[in-house]
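Let's take a walk through this one, starting with some charged side chains and ending with the enclosed spaces. Keep the viewer open as you read.

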Amino acid sequence: MEKLLHYAWKHKMYPLGTLATTDGRTVEVIDTGLYNRTDAGPDFFNAKVKVNGMEWVGNVEMHVKASDWYRHGHDSDKAYDNVILHVVCEDDMEVKTCSGRIPAQMLLAVPEWLKTDYGHLLYTDKYPPCYECIADIPRIKTHSWIAALQTERLEQKTEAILLRLEQNGKSWEKTYFQTLARNFGFGINGEAFETWATYIDLTKAGHHRAELFQLEAMFTGQAGLLDRMEERYSKEYAYLKHKFKLEQMDGSLWKYLRTRPQNFPHVRLLQLARMFHEQRTGLSQLLDCKDVKGIGTLLGIKGAKLNLIVINTVIPILFAYGRTKGKEEYCERSFSLLDEIKAEDNNIVRMWRECGLEVHTAGDSQALIQLKKEYCDKRECLRCRFGYEYLSMRKNTK
């Protein structure tokens with residue numbers, strides 16, 4: 001209920017008649033303030049309200065019950081000293097700040113229509129729950145939300161890459177190699193490939209870059225997959241293992257069930273060994289590629305597999321690298337690559353198309369994947385712009 005109260009306040013979805021404090025003073029909301037998404041501090045910062053004609057600038061705190069102020073410990077927290085208005089659904093007591101001041105308190109009921117329509121979003125069997133309004137949302141609003149979701153998805157992927165970067169001692173080469181390896185698993189073996197990449201010392205592998213067979217032996221041996229290879233690989237790996245004091249990963253992590261022969265892990269590892277042998281796995285080479293065609297030429301991959309690698313490896317790496325190094329050209333190239341690739345064809349994309357959305361590029365499809373996973377699946381309708389449009393349209397019918 002408190003989240004819904006926040007929403008009603010933020011978007012002014014409450015009766016527009018005269019508002020008043022619990023002691024009878026008139027209240028005029030000039031600016032609802034900046035919503036605080038964290039758990040620390042008041043709910044809205046820098047709000048502007050007039051109480052009995054006097055303008056106040058400060059923070060607004062909200063609770064279902066006024067007594068929640070004390071239950072949450074705000075009476076002993078200096079962060080709440082600047083609260084100018086305490087908005088509650090139930091006025092069960094007067095409250096005081098840490099400094100002993102009594103903030104103005106206002107009773108605000110969440111409209112019944114908002115409770116009902118929000119309940120529909122939460123509990124309807126239809127998916128997505130806002131399907132009824134999608135086709136009627138102006139294209140400029142849809143485009144704006146899609147663009148924001150694209151950036152949000154890239155930033156989320158950037159977090160995972162930066163975590164790898166930290167674990168790799170700030171080495172971008174190792175981080176890129178691990179990210180590339182992960183996506184060679186194409187889903188089912190992604191985790192195993194990333195684990196395997198941590199067992200590959202690029203410096204040691206570089207000592208044998210000129211000998212493809214030795215690289216193949218090292219790559220498959222470190223993966224614990226020599227039982228899938230000819231006997232000569234085991235002999236060569238035994239030599240390399242002794243020379244470099246190598247430790248291999250647990251081979252039981254690999255999955256072969258329902259995997260096509262061309263996607264078997266040991267086959268993919270041989271491909272990676274050849275790419276490393278031909279010096280096609282370096283970040284510096286990737287940074288020189290300007291478009292999808294150039295990336296395909298570098299990696300020696302084409303078609304649907306190339307698109308998957310570009311979407312899940314190249315674009316996030318470029319975006320993360322650009323953000324970290326302050327080189328905007330790489331961030332811009334990320335978005336250009338998304339626009340260059342056609343939209344993915346999967347259940348999520350087809351679902352949104354059935355709702356009336358136009359989906360043309362990989363940027364669109366990646367945004368809609370983000371929308372479903374981070375908003376629809378979690379029922380975060382109050383944070384979604386489509387959810388806002390749905391509730392706004394419903395409000396206008398009341």
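**Charged pairs and enclosed spaces**

E278 is partly exposed, with a relative accessible area of 37%. Keep in mind that this is a predicted model. The partner of E278 is R280, and their side chains meet in a salt bridge at 2.5 Å, N to O. R280 itself counts as buried, at 15% relative accessibility, because the cut-off for buried is under 20%.

Now for a group that goes beyond a pair: R164, R182, E191 and E194 are joined into one network by salt bridges that share partners. One of these bridges runs between E194 and R164, where the closest N and O atoms are 2.7 Å apart. That pair links distant parts of the chain, with E194 sitting in helix α7 (residues 190–198) and R164 in helix α5, 30 residues apart. Are these two buried or exposed? E194 is buried with a relative accessible area of 16%, and R164 is buried too, at 9%.

Helix α5 also takes part in another bridge. E155 pairs with R323, and here the closest N and O atoms are 3.2 Å apart. Since E155 lies in helix α5 and R323 in helix α14, the pair ties together parts that are 168 residues apart in sequence. E155 counts as partly exposed at 33% relative accessibility, and R323 is partly exposed as well, at 42%. Side chains of opposite charge can pair when their charged atoms come close. Across the whole structure, there are 17 salt bridges.

On to the empty spaces. How many cavities of 30 Å³ or more does the structure hold? There are two.

Helices α5 and α14 come back in the second largest cavity, since each supplies at least two residues of its lining. The biggest contributor is α5 (139–167), which gives four residues. The full lining is Q150, R153, L154, K157, I311, I315, L338 and Q366. By class, that makes four nonpolar, two polar and two charged residues, around a space of about 50 Å³.

The largest cavity holds about 60 Å³ of space. To find it in your viewer, select P129, C130, Y375, C376, C381, C384 and G387, the residues that line it. What classes do the residues of this lining divide into? Six are nonpolar, one is polar and none is charged. The polar one is G387, because Gly is counted among the polar residues in this scheme.

Key. Residues numbered from 1 in each chain as written. Predicted model: local features only at pLDDT ≥ 70, side-chain atom pairs only at ≥ 80, totals over all residues. Heavy atoms only, no water. 1 Å grid on protein atoms, 1.4 Å probe; cavity = no way out; pocket = protein on both sides within 12 Å on 5 of 7 lines; lining within 4 Å. Points joined across faces, edges and corners; volume = space filled by probe spheres on them. Salt bridge = Lys/Arg side-chain N within 4 Å of Asp/Glu carboxyl O. Buried < 20%, exposed > 50% of the residue type's maximum accessible area, 1.4 Å probe, protein only.
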